[in-house]
Amino acid sequence: MQVLLTTSIKESGLGRAQPAGGPEPVGFEFIVTTPSQRRSRDNQRLVRSHVTRGRSKRKGCRPLPSWINQDAEAGKRSQAKQHPGTYLVPSESRMGFPNPSRVGSELSWVPFPEFVKPYMLESIIRFLTVVRDGLYPAELCFEVESFDSGWVACLMSDPVYLHSMLFSSEAYLDDSLGRDRSLVTQFYFLKTLRLLQERIAVPDDPLATADQTIMTVVTLALAAQVFGDRATIENHMQGLERMVSLRGGLGLLRTSTDELPAKICRVDLGFALTFGHRPAFFRQAISWDRYVVDHTKRRPAHVDCDDETSAFIQSLDWRLANVWKDLQRFSDICNLACQTGHKLTHTNFSEIMISVLYRLLHISLEDYPLSECLRIGMLAFATTIFMQWQYFKLGQGSLAEMFSGALLRLQVSSVDAPPRVLFGLLTVLNTSFSDDAGMRHAACGLAR
């Protein structure tokens, strides 16, 4: 015998009759079935209705659309033809057999295009883990397998990318041990450059602008950023701009992995923040609309701004006000993520980062001292959250110089600002530039 308990807007026929004309209260209805009893269509309809109501209440929020590929049609990315030289990333759903249990390291069974010794695999695994943990803070983002992505899939098929990863892992080891580049590191670096130059020397070759070639340049550029090699970063950025342009532009770039466009933007943003200039991408076409929109239109009462601050934000340039609101909404999401465990995916984290930083870097408000100071303060806040690796502080020099100059111009202009806004700028200044004596002096002047 089965007994199903469901909520119903009307009482069961077994219950007590209600007075005529009175409202029918919400109650429970017991559905009793036995093996000898035929199924009732009314009972089945009632159960389906109950399950459907519960499912609709559990429906989650709509995922954020891509800000990077904003020119692409919805759903077109997954249906687009792959670049001729791009290797498809195999997924478990396409394979006709399940993955076996792991024996040894994550890359023990990977067929590499060249012979790789076990210690090399361990160096690559260690480097990939550091990159994953550094780029995506565990407090805010879901932890995913760093080895289940296109970045690892290309290791199986592309010798140029394989050597770039070997160089990066060895360079990271040298840096961790506090030593100069070893002979092994220099060997992998020179071999990567030689193989890369041989590939791009043939413009008509599809591999010259394939995903794995772009990923090789991104890997080399990220390594150059960590070690502060400006000339090398400039060369790699020029190469990336050329490759992306030949592929139709960043807004229409079709790749075998969703991570690649975000990594290209990260290299571009890192170069701009480190040396204090405009990014290379999104100079002509950029969306200034809000990106992190709250579709429920509800916010916790304790995070709402006071009337004075809200009025001040609305009086700003509308583009800057939209970025402020996006950062405010992102802060709410981060606080809820820490409290409830409902974290962001790596894709959403990267998309929000890119939408915020590109808009802040491409807007110029030098004629308005308070707005410009707020822009740079928001930029410092976003950079501290999005772009700081555990062992590498990005853009500290250029941002500190920009922030200090904006604070001095604000003091000279004697423009009034809401106390909460000034307090926010002081907080960002002290948390992002706590070791800078000049910034501490500027903070004292702003506090007075």
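Hi everyone, let's start with helix 11 and helix 12, which are roughly antiparallel to each other (an angle over 145 degrees counts as that). This is a predicted model, where local features need pLDDT of at least 70, side-chain atom pairs count only at pLDDT 80 or more, and totals for chains, interfaces and linings use all residues. Residues are numbered from 1 along each chain as its sequence is written, and side-chain values use heavy atoms, leaving out hydrogens and water.

Back to our pair: helix 11 spans residues 318–340 and helix 12 residues 346–362, with axes 10 Å apart at an angle of about 150 degrees. Who meets whom? Helix 11 brings Leu320, Asn322, Val323, Asp326, Leu327 and Phe330, while helix 12 brings Phe349, Ile352, Val356, Arg359 and Leu360 (contact means heavy atoms within 4.5 Å). Those residues divide into 8 nonpolar, 1 polar and 2 charged.

Now a second pair. Helix 5 (residues 159–177) and helix 7 (residues 211–226) have axes that come within 9 Å and cross at roughly 15 degrees. That makes helix 5 roughly parallel to helix 7, a label for angles under 35 degrees. On the helix 5 side, Val160, Tyr161 and Phe167 are among the residues in contact, and helix 7 offers Met215, Leu220 and Ala223, among others. This contact has 7 nonpolar residues, 5 polar and no charged.

Finally, the core. The largest nonpolar core has 106 residues, joined through side-chain atoms within 4.5 Å and buried, meaning under 20% relative accessible area with a 1.4 Å probe. Ile354 is one of those touching the most other members. Setting aside residues up to four places away in sequence, Ile354 touches Trp67, Ile68, Ala262, Cys265 and Leu269.

How values were computed. Axes are lines fitted to C-alpha atoms, for helices over the stretch in contact, and angles run from 0 to 180 degrees between N-to-C directions. Helices (H or I, at least four residues) and strands (E, at least two) are DSSP runs, numbered from the N terminus. Angles under 35 degrees count as roughly parallel, over 145 as roughly antiparallel, 65 to 115 as roughly perpendicular and the rest as oblique. Ala, Val, Leu, Ile, Met, Phe, Trp, Tyr, Cys and Pro count as nonpolar, Asp, Glu, Lys and Arg as charged, and the others, Gly among them, as polar. Buried means under 20% relative accessible area, exposed over 50%, partly exposed in between (1.4 Å probe, protein chains only).
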